[in-house]
Amino acid sequence: PGVADAPTLLVRHEESAYAEPTNLAFTVAGYAAYSKVCTHAGCMVAETEADGILVCPCHFAKYDPTRGAEVTDGPAPRALPQLPITLSSDGFLMATGNFEGQIGPGGE
């Protein structure tokens with residue numbers, strides 16, 4: 001799926017909190033966007049941990065959005081793909097391309 005039909009999570013952290021493998025060129029003023037679709041079974045991931053960790057409610061895979069949404073726990077085989085974003089001339093966050101990598105399960 002392309003940007004138009006893919007569920008997306010927008011997260012915000014201090015800019016200094018982001019580290020590789022986050023693509024810093026795809027972040028804006030502390031905001032980063034990732035696919036909301038878990039790479040394990042395709043459930044919708046949510047930001048549910050107090051520390052900002054993203055958690056899948058189906059099998060409890062955990063992703064760290066400050067480190068490229070890499071897997072920190074659980075059965076997910078790979079990170080959530082990041083979406084390149086920018087600030088439009090009228091002040092809105094907008095995608096500048098498709099997700100980096102496959103959305104959801106598969107592709108391992």
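**Exercise 1. Find the residue with a positive phi in the hairpin of β5 and β6, then work outward to the sheet around it.**

Step 1. Start in the turn: β5 and β6 form a hairpin with 5 residues between the strands, and Gly68 there has a positive phi near 65°. Keep in mind that you're looking at a predicted model.

Step 2. Now check the two arms. β5 covers residues 62-64 and β6 covers residues 70-73, and they pair antiparallel over 3 bridges.

Step 3. Pick out who faces whom. Lys62 sits opposite Asp73 in β6, while Asp64 sits opposite Glu70 in β6.

Step 4. Zoom out. The hairpin belongs to an open sheet of 4 strands, ordered β3-β4-β5-β6, with antiparallel pairing. β3 (46-47) and β6 are the edges; each has a single partner strand, so one side of each lacks a neighbour in the sheet.

**Exercise 2. Work out the strand order of the 3-strand sheet and name its edge strands.**

Step 1. The order is β1-β2-β7, in an open sheet with antiparallel pairing.

Step 2. The edges are β1 and β7 (82-83), each of which pairs on one side only.

Step 3. Look at the contact between β2 and β7: these antiparallel strands are joined by 2 bridges. Across it, Ala33 stands opposite Leu83 in β7.

**Exercise 3. Decide which cysteines are bonded and which are not, using a cut-off of 2.5 Å between sulfur atoms.**

Step 1. Recall what you're looking for: a disulfide is a covalent bond between the sulfur atoms of two cysteines.

Step 2. Try Cys43 and Cys58. Their sulfurs are 2.0 Å apart, and a disulfide joins them. The angle about the S-S bond is -100°, which makes this link left-handed.

Step 3. See what the link ties together. Cys43 is in the loop between β2 (31-35) and β3, and Cys58 is in the loop between β4 (54-55) and β5; the pair links distant parts of the chain, 15 residues apart.

Step 4. Compare how covered the two ends are. Cys43 has 17% relative accessibility, so it counts as buried. Cys58, at 35%, counts as partly exposed.

Step 5. Now try Cys38. Its closest cysteine sulfur is in Cys56, 3.8 Å away, so the distance is too long for a bond. Running the check from Cys56 leads back to Cys38 at 3.8 Å, again too far.

Step 6. Add the accessibility of this unbonded pair. Cys38 is buried at 1% relative accessible area, and Cys56 is buried at 1% too.

Step 7. Close the count: the structure holds 1 disulfide.

**Exercise 4. Is Ser88 buried or exposed, and which side chain does it contact?**

Step 1. Locate Ser88: it lies in the loop between β8 (85-87) and β9 (93-95).

Step 2. Apply the cut-off, where buried means under 20% relative accessible area. Ser88 comes out at 14%, so it counts as buried.

Step 3. Find the partner. The side chains of Ser88 and Asp90 share a polar contact of 2.4 Å.

**Exercise 5. Which leucines make up the nonpolar surface patch, and how much accessible area do they have together?**

Step 1. The members are Leu10, Leu87 and Leu93, with about 260 Å² of accessible area together.

Step 2. Take Leu10 as the case to inspect. This residue lies in strand β1 (residues 8-12).

Step 3. Grade its cover: with a relative accessible area of 47%, Leu10 is partly exposed.

Terms used. Residues are numbered from 1 along each chain as its sequence is written. This is a predicted model: local features need pLDDT of at least 70, side-chain atom pairs count only at pLDDT 80 or more; totals for chains, interfaces and linings use all residues. Side-chain values use heavy atoms; hydrogens and water are left out. Two strands pair if DSSP finds at least two bridges between them. Buried means under 20% relative accessible area, exposed over 50%, partly exposed in between (1.4 Å probe, protein chains only). A polar contact is a pair of N or O atoms within 3.5 Å; within protein, one must be able to donate a hydrogen and the other to accept it, and residues adjacent in sequence count only if both atoms are side-chain atoms. Patches are made of residues with over 30% relative accessible area and no salt bridge: like charges are joined within 9 Å, nonpolar side chains (Val, Leu, Ile, Met, Phe, Trp, Tyr) within 5 Å. Accessible areas come from the Shrake-Rupley method with a 1.4 Å probe; for residues, only the protein chains shown count as cover. A salt bridge is a side-chain nitrogen of Lys or Arg within 4 Å of a carboxyl oxygen of Asp or Glu. A disulfide is a pair of cysteine sulfur atoms within 2.5 Å.
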